[in-house]
Amino acid sequence: MYKVFIADDEYYIREGLKRIVNWERLGFKIVGEAEDGIEALEKIKRINPDLCVIDVKMPEMDGLELISNIKSYKNSTKIIILTGYPEFDYAIKAIELGVNFYILKPVDPEILKEKLEKVYHELEKERILYESSKGRIMERFLKKHLDVKEDEINNIFCLDLPWNSYQVVLVDWEDKSLDNFLF
């Protein structure tokens, strides 16, 4: 399931979005919501959703500024904009920010479903590319989650390893403390 975050200042819109389509059947799970841009940004940074459904007009920080902030730290997040304002300037700015889709309110369930299916397929392609990347293959091999012989890894990575065996140390750099690190 891909994680979805909804940001809209109208409570009934947020509730309606939760019910208008069967999110789980489409491969999504709603993991959070906010009624203004500042609250949304704080929660989005913490939750790290795959898709954000964002209203353009919100208090504190509007949707376009929120999207700009999201894209500055995690460019791969998919974005669907919702708006009751069919203004051309919003659409141009949304395109510049890399928004995936722009949907006018009131939201047509079929249009939302169609857009969600497209986002799902994009996310799946990205996941498959990541899973099959050389770095991911090497990581899975080193963690013994991949049943591949060493000479096959050598061929995949074009390595010229002169010794018969190696020892590998994996370090989690997110924990910058070296207190428990043994030398």
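Modeller: Welcome! Helices (H or I, at least four residues) and strands (E, at least two) are DSSP runs, numbered from the N terminus. This is a predicted model, so local features need pLDDT of at least 70 and side-chain atom pairs count only at pLDDT 80 or more, while totals for chains, interfaces and linings use all residues. Residues are numbered from 1 along each chain as its sequence is written, and side-chain values use heavy atoms, with hydrogens and water left out.

Biologist: Thanks! Let's start with α2. Which residues of α2 are buried?

Modeller: Buried means under 20% relative accessible area, exposed over 50%, and partly exposed in between (1.4 Å probe, protein chains only). In α2, which spans residues 37–47, the buried ones are Gly37, Ala40, Leu41, Ile44 and Ile47. They cover an arc of only 145° around the axis, so they sit on the same side of α2. That arc is taken from the directions from the helix axis to the C-beta atoms.

Biologist: What do the buried residues of α2 pack against?

Modeller: Contact means heavy atoms within 4.5 Å. By that rule, the buried residues of α2 pack against β1 (2–7), β2, β3 (51–55) and α3 (63–73). On the face turned away from the buried side, α2 carries the exposed residues Glu42, Lys45 and Arg46.

Biologist: And which residue caps the N-terminal end of α2?

Modeller: Aspartate 36 does, with a side-chain oxygen 3.0 Å from the backbone nitrogen of isoleucine 38. Just after α2, asparagine 48 takes a positive phi of about 60°.

Biologist: Now salt bridges. How many does the whole structure have?

Modeller: A salt bridge is a side-chain nitrogen of Lys or Arg within 4 Å of a carboxyl oxygen of Asp or Glu. The search of the whole structure finds 13. In one of them, glutamate 33 meets arginine 14, with the closest N and O atoms 2.8 Å apart. Glutamate 33 is in strand β2 (residues 28–34) and arginine 14 in helix α1 (residues 11–20), so this pair ties together parts 19 residues apart in sequence. Arginine 14 is buried, at 6% relative accessible area.

Biologist: Why should I look for salt bridges within a helix, between residues three or four places apart?

Modeller: An α-helix has 3.6 residues a turn, so residues three or four places apart point the same way. Here, glutamate 15 and lysine 18 form a salt bridge with closest N and O atoms 2.9 Å apart; they are three residues apart in α1, about one helical turn. Glutamate 15 is buried at 15%, whereas lysine 18 is partly exposed at 28%. In α2, lysine 43 bridges to glutamate 39, also at 2.9 Å, and these two are four residues apart. A network of salt bridges links Arg14, Glu15, Lys18, Arg19 and Glu33.

Biologist: How many aromatic pairs are there?

Modeller: Rings of Phe, Tyr and Trp (its six-membered ring) pair if their centres lie within 6.5 Å; planes under 30 degrees apart count as stacked, over 60 as edge-to-face and the rest as tilted. There are five such pairs. Tyrosine 2 and tyrosine 120 have ring centres 5.6 Å apart and planes at 75°, so they are edge-to-face. Tyrosine 2 belongs to strand β1 and tyrosine 120 to helix α5 (residues 109–131), so the pair joins parts 118 residues apart in sequence. Ring pairs link Tyr2, Trp23, Phe28 and Tyr120 into a cluster.

How values were computed. A polar contact is a pair of N or O atoms within 3.5 Å; within protein, one must be able to donate a hydrogen and the other to accept it, and residues adjacent in sequence count only if both atoms are side-chain atoms.
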